[in-house]
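Work through the exercises below with the structure open. Each task is followed by a solution in steps.

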Amino acid sequence: METLASATELRAFLHGLPGVDQVGAEERAARLATRSIKTSAKAQAIDLAITMVDLTTLEGADTPGKVRALCAKGMRPDPGDPDVPQVAAICVYPDMVPTAVEALQGSGIGVASVATAFPSGRAPMEAKLADTRAAVEAGATEIDMVIDRGAFLAGDYLKVYEEIVATKEACAGAANDGHGAHLKVIFETGELVTYDNVRRASWLAMRAGADFIKTSTGKVSPAATLPVTLVMLEAVRDFRDQTGRMVGVKPAGGIRTTKDAIKYLVLVNETAGPDWLTPEWFRLGASSLLNDLLMQRRKLATGVYSGPDYFTLD
Ligand SMILES: O=C[C@H](O)COP(=O)(O)O
């Protein structure tokens with residue numbers, strides 16, 4: 001993160017970024033989405049995708065029992081096959097963090113908490129920071145904050161920048177061995193409307209210290225799309241070229257099939273490059289993708305399609 005001269009400097013920087021070629025981005029994403037991969041590579045891709053899943057439940061009706069069941073599923077996605085890798089993280093609301101921390105103890109799986117008045121981002125700053133601190137103190141290893149889209153769309157970039165900086169500071173709690181929680185910054189790209197805004201939000205968040213940039217909350221349509229993710233992957237690639245710092249990317253919302261997951265992996269490889277093809281730098285935020293990955297994995301291994309009833313619900 002860096003010290004900014006002023007709101008004027010930030011606005012000039014963001015508006016000085018090259019505009020996104022909308023047609024070009026959409027065509028490139030569509031072209032990459034048609035790329036086929038060999039069966040052996042598909043098996044590897046499915047396992048890689050499983051390791052990248054932030055297995056998510058973000059419902060008003062979430063209960064400790066549901067969160068514990070999700071944690072069990074994340075640790076051992078297919079009880080019938082111990083070779084299936086575990087997921088990257090379990091993503092929950094802040095009040096469910098203690099339950100997830102306890103259930104995942106010793107597993108190495110991260111506990112991601114949404115924060116800063118998720119999903120709208122509409123609350124006084126102090127409430128947003130308290131939200132974040134509570135999650136970190138309860139043991140969250142990752143914080144998925146939402147930006148203030150209203151401020152962004154009104155052109156108040158400095159406000160958004162300062163919120164990200166303050167949230168990053170709140171992530172540096174006493175928990176997590178003193179290293180602090182990793183900060184993912186959610187743009188809600190469906191509300192930012194243009195690819196130019198997505199590029200601006202990406203650079204704004206990265207300059208403010210984001211560890212990850214994330215497309216969506218899953219509560220607004222459109223959520224994650226391939227072209228939006230392409231724009232974000234270009235941003236993290238260019239940011240590393242300029243600063244030497246790597247930032248991760250997390251598309252989230254509406255990703256439900258193995259086919260979709262593999263399209264994202266191809267996009268990562270071809271846009272940011274293979275350095276990003278690890279759970280450290282790329283995640284798939286999803287509430288109901290894991291079962292399809294498990295079904296396709298089993299089908300590849302046995303030739304038999306097990307059907308959704310075979311696996312526990314996710
Ligand atoms: O961060 C993850 C999203 O909330 C998940 O959205 P989804 O339920 O559409 O998979």
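**Exercise 1. Overall size**

What radius of gyration does the protein have, and what would a compact globule with 314 residues have?

Solution. The model is a predicted one. Start from the chain length: for 314 residues, a compact globule would have a radius of gyration near 20 Å. The protein has 19 Å, which agrees with that value. Next, take the extents: the C-alpha trace spans about 60 × 45 × 30 Å along its principal axes. Finally, count the secondary structure: there are 13 helices and eight strands.

**Exercise 2. A helix pair**

Describe how helix H6 packs against helix H8, from the axes down to the residues.

Solution. Locate the elements: H6 covers residues 125–137 and H8 covers residues 157–171. Their axes are 9 Å apart and form an angle of about 30 degrees. Angles under 35 degrees count as roughly parallel, so H6 is roughly parallel to H8. The handedness comes next: H6 and H8 cross in a right-handed manner.

Now list the residues. H6 contributes Met-125, Leu-129, Thr-132, Arg-133 and Val-136 to the contact. From H8, the residues met are Glu-163, Ala-166, Thr-167, Ala-170 and Cys-171. Sorted by character, the contact of H6 with H8 holds six nonpolar, two polar and two charged residues.

**Exercise 3. Unusual backbone geometry**

Which residue in the loop between E3 and H6 has a phi near 60 degrees, and where are the cis peptide bonds to Pro-119 and Pro-222?

Solution. Begin with the loop between E3 and H6, where Ala-117 lies. Phi of Ala-117 is near 60 degrees, a positive value in a residue that is not glycine. Then move along to the bond from Phe-118 to Pro-119, which is cis with omega near 0 degrees. Pro-119 also belongs to the loop between strand E3 (110–115) and H6.

The other bond to find joins Ser-221 and Pro-222; this peptide bond is cis, with omega about 0 degrees. Pro-222 sits in the loop between strand E6 (212–214) and helix H11 (226–243).

**Exercise 4. The ligand shell**

How many residues are around the ligand, which come nearest, and how does the shell divide by character?

Solution. The count is 13 residues around the ligand. Those that come nearest are Gly-218, Ala-252, Gly-285, Ala-286 and Ser-287. Then sort the shell: five of its residues are nonpolar, eight are polar and none is charged. In this tally glycine counts as polar.

Conventions
Residues numbered from 1 in each chain as written. Predicted model: local features only at pLDDT ≥ 70, side-chain atom pairs only at ≥ 80, totals over all residues. Near = placed C-beta within 6 Å. Axes fitted to C-alpha atoms, helices over the stretch in contact; angles between N-to-C directions. Helix = DSSP H or I, 4+ residues; strand = E, 2+ residues; numbered from the N terminus. Parallel < 35°, antiparallel > 145°, perpendicular 65-115°, else oblique. Left-handed = near helix turned anticlockwise from the far one by under 90°. Contact = placed C-beta atoms within 7 Å. Rg over C-alpha atoms; globule rule 2.2 N^0.38 Å.
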